[in-house]
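Ready for a few warm-up problems? Take a look at the structure below, then work through the exercises one step at a time.

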Amino acid sequence: MATAEWLDALPIFSAPLVRNFLEQGSVNDRFFSLLSFIHLGVPLGAFAIIWIHTQRVPQAKTSPPKIVTIWLILSMVALSLIQPALSQGHADLDSAPFVLNLDWFYLWSYPLLYSWSPANVWILIGGVTGFFLLLPFLGGAKRGKGEYEITTTPAGHTVMAKNGETILEASLRHGLNLPYVCRDGACGACKGKVLRGTVDYGIYQKSALTDAEKEQGNALFCCAKPLSDLQVECHEVNESGRFPVKIMKFCVQKMERAAQDVMLLELRPEGDEQMDFVAGQYIAVHLDDGTKRSYSIANAPHESDCLQLHVRLVKGGKFTGHVFNEMRVGDILQAEGPLGTFFLHEESDKPIIFMSGGCGFGSVKGMVEHALKIGLNRPMTLYWGARIPEDFYLAKLPENWQREHKNFKFIPVLSEPKPEHGWQGRTGLVHEAILQDYQTLNNYQVYACGSPEMVEAGRAPFMAKGLPEDQYFADKISVACHIAPAMEAPVSSEGAKHD
Ligand SMILES: Cc1cc2nc3c(=O)[nH]c(=O)nc-3n(C[C@H](O)[C@H](O)[C@H](O)COP(=O)(O)OP(=O)(O)OC[C@H]3O[C@@H](n4cnc5c(N)ncnc54)[C@H](O)[C@@H]3O)c2cc1C
Ligand code: FES
């Protein structure tokens with residue numbers, strides 16, 4: 001009746017609703033069914049619509065975090081004990097209630113109808129509802145078209161992505177240190193979960209993100225663009241990899257053929273500006289056609305003001321073909337860097353296993369030289385995988401490290417030795433050699449740099465031997481997506497098989 005009186009304050013009904021409650025005869029079965037429908041049918045219908053909606057939104061979160069739920073329940077129980085709701089007094093089955101008090105807790109607006117006026121209560125309820133509706137638009141920064149908010153879990157950082165920006169680009173622009181290597185949908189280093197919201201997955205290679213992983217809510221943050229506000233799960237890496245990314249011109253200072261198909265390049269920055277980097281990072285060389293090629297920096301930061309690159313000739317390759325056939329000392333290159341989050345985690349005291357394949361030795365070289373320079377005394381073992389002995393294009397170097405440093409061990413592993421090679425050393429795939437040598441990897445860190453196949457071949461068996469997932473650091477020397485843009489783009493080819 002109170003509701004009817006309140007609704008009657010609106011000028012929308014031709015006759016007062018409250019009339020329906022005045023005589024006993026008007027509260028008939030039909031009217032009672034109508035009230036039941038309004039009280040039960042409408043909420044059930046709304047519930048069904050909400051349910052269908054949440055089923056269609058991927059990863060919809062409908063419950064508050066567990067800790068909030070627990071505290072809510074506990075505080076409700078505590079409140080009910082401290083201040084029980086006794087608006088109707090204690091239940092008495094022997095008497096019929098003739099006076100029903102309005103409950104200030106559940107129906108707080110109803111008593112106001114009689115102390116104020118129905119019109120004022122409408123103004124109050126309308127104002128409060130309007131305020132809550134406007135709340136998301138109040139106070140926040142003004143958004144441009146196509147801008148979305150990205151919140152990271154567990155760190156809880158929030159950044160704004162510009163129209164067309166990937167999750168990684170937006171995060172890096174705001175100084176968040178998300179892991180990445182190729183920035184091209186090829187290596188999988190930037191993979192993370194989209195917990196809430198929708199994304200455009202972009203162009204990527206299926207080996208970097210399988211359909212099953214996508215089904216589970218994963219995306220490659222270097223390719224995925226937000227289509228709504230997002231909550232993503234990712235593990236930000238520590239600060240040590242954070243140097244500003246610059247686009248700079250370099251002069252080719254030195255070119256040295258280390259093997260039939262490996263060129264060692266030394267690039268000196270043009271002008272006074274230097275490129276600061278952390279050992280293990282890489283640069284992307286800009287080509288005339290607007291594409292880029294990535295190369296690991298093969299020296300440690302302390303060594304010189306030059307960047308060393310180890311470039312392996314790829315058959316039919318645009319840039320590597322240029323390096324081997326046309327490039328001359330004195331040529332100028334444009335490159336951007338430092339890039340990537342593959343670097344030594346110096347804060348740990350765990351023994352280190354380096355696994356490198358082919359030119360993946362370059363970034364490992366930089367890391368080992370840095371580790372030796374700072375006097376890191378953790379045991380370090382380098383497994384270098386190759387097909388034939390000539391592929392160990394700088395074998396003397398790790399042999400010297402082994403001779404000069406007690407905590408360093410070098411194990412070259414050949415996958416395809418021929419009798420004429422006279423190879424006396426280890427054979428097989430490089431990750432298999434590691435598995436043979438270690439009973440357990442519980443207390444190790446593994447740094448893998450080489451072809452995607454090599455890096456992935458080691459992942460599952462190393463974890464099976466107890467290597468914690470977050471102690472496997474990988475840098476995949478992958479083929480860029482611009483070369484094979486289809487989602488099914490193949491990653492492997494003859495030249496990519498380093499071990
Ligand atoms: C993070 C990162 C670090 C890298 N570091 C190094 C490094 O230190 N030294 C190095 O030599 N390379 C490295 N690469 C690979 C490098 O970026 C180029 O992809 C490679 O040198 C080929 O360039 P290209 O222009 O000669 O060949 P493209 O003209 O780009 O390709 C020509 C053909 O070769 C195939 N191809 C391209 N790249 C490869 C490859 N790596 N393996 C097998 N087939 C390929 C392509 O599918 C294409 O069919 C790295 C890649 C990444 C993502
Ligand atoms: S950084 Fe995203 S796939 Fe390599």
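A residue counts as buried if 20 or more other C-beta atoms lie within 10 Å of its own, and as exposed if 12 or fewer do. Keep in mind that this is a predicted model.

**Exercise 1. Find out how far to trust the coordinates, using pLDDT.**

Step one: take the average, which is a pLDDT of 86 for the protein. Step two: check the spread; 92% of the residues score at least 70. Step three: look for the weak spot. Over residues 481–499 the pLDDT is below 50, although this stretch has 48 contacts in the model beyond near neighbours in sequence. Where pLDDT is low, the predicted coordinates should not be read in detail.

**Exercise 2. Work out whether strand 11 is enclosed or open, then describe how it pairs with strand 10.**

Start with burial. Strand 11 covers residues 292–296, and four of its five residues are buried, so the rest of the structure largely encloses it. Do that again for strand 10: four of its five residues are buried, so strand 10 is largely enclosed too.

Now the pairing. Strand 10 (residues 282–286) runs antiparallel to strand 11, with five bridges between them. You can check the register with two pairs: Val285 is bridged to Arg293, and Ala284 has Ser294 as its bridge partner.

Last, the connection. The two strands make a hairpin with five residues between them, and in the turn Gly290 has a positive phi of about 90°.

**Exercise 3. Which other strand pairs with strand 10?**

That's strand 13 (residues 332–339), which is antiparallel to strand 10 and joined to it by four bridges. For a concrete contact point, find Tyr282, which sits opposite Leu339 in strand 13.

**Exercise 4. Describe the five-stranded open sheet.**

First, write down the strand order: 2-1-7-3-5, with mixed pairing. Next, pick out the edges. Strand 2 (158–161) and strand 5 (218–220) each pair on one side only. Then get the twist: neighbouring strands are turned by 40° against each other on average, ignoring direction.

Finally, zoom in on one pair. Strand 1 (residues 148–153) and strand 7 (residues 230–233) run parallel and are joined by four bridges. Within that pair, Thr152 stands opposite Val232.

**Exercise 5. Compare helix 5 and helix 9 for length and burial.**

Length first. Helix 5 (residues 118–134) has 17 residues and reaches 24 Å between its first and last C-alpha, close to the expected 24 Å. Helix 9 (residues 361–373) has 13 residues, which at 1.5 Å a residue should span 18 Å; its end C-alpha atoms are 18 Å apart, so the numbers agree.

Burial next. In helix 5 the number of buried residues is zero out of 17, so that helix lies largely in the open. In helix 9, ten of the 13 are buried, so the rest of the structure largely encloses it. Among the buried ones are Phe361, Val364, Met367 and His370. Right after helix 9 comes Gly375, with a positive phi near 75°.

**Exercise 6. Where do the domains lie, and what separates the centres of domain 1 and domain 2?**

Read off the bounds from the domain assignment: domain 1 is 148–236, domain 2 is 244–339 and domain 3 is 352–496. Then take centres over C-alpha atoms; those of domain 1 and domain 2 are 28 Å apart.

Terms used: Residues numbered from 1 in each chain as written. Chains lettered and ligands numbered in written order. Predicted model: local features only at pLDDT ≥ 70, side-chain atom pairs only at ≥ 80, totals over all residues. Pairing = 2+ DSSP bridges. Axes fitted to C-alpha atoms, helices over the stretch in contact; angles between N-to-C directions. Domains from an automatic or database assignment. Expected span 1.5 Å × (residues − 1). pLDDT = per-residue confidence, 0-100. Contact = placed C-beta atoms within 7 Å.
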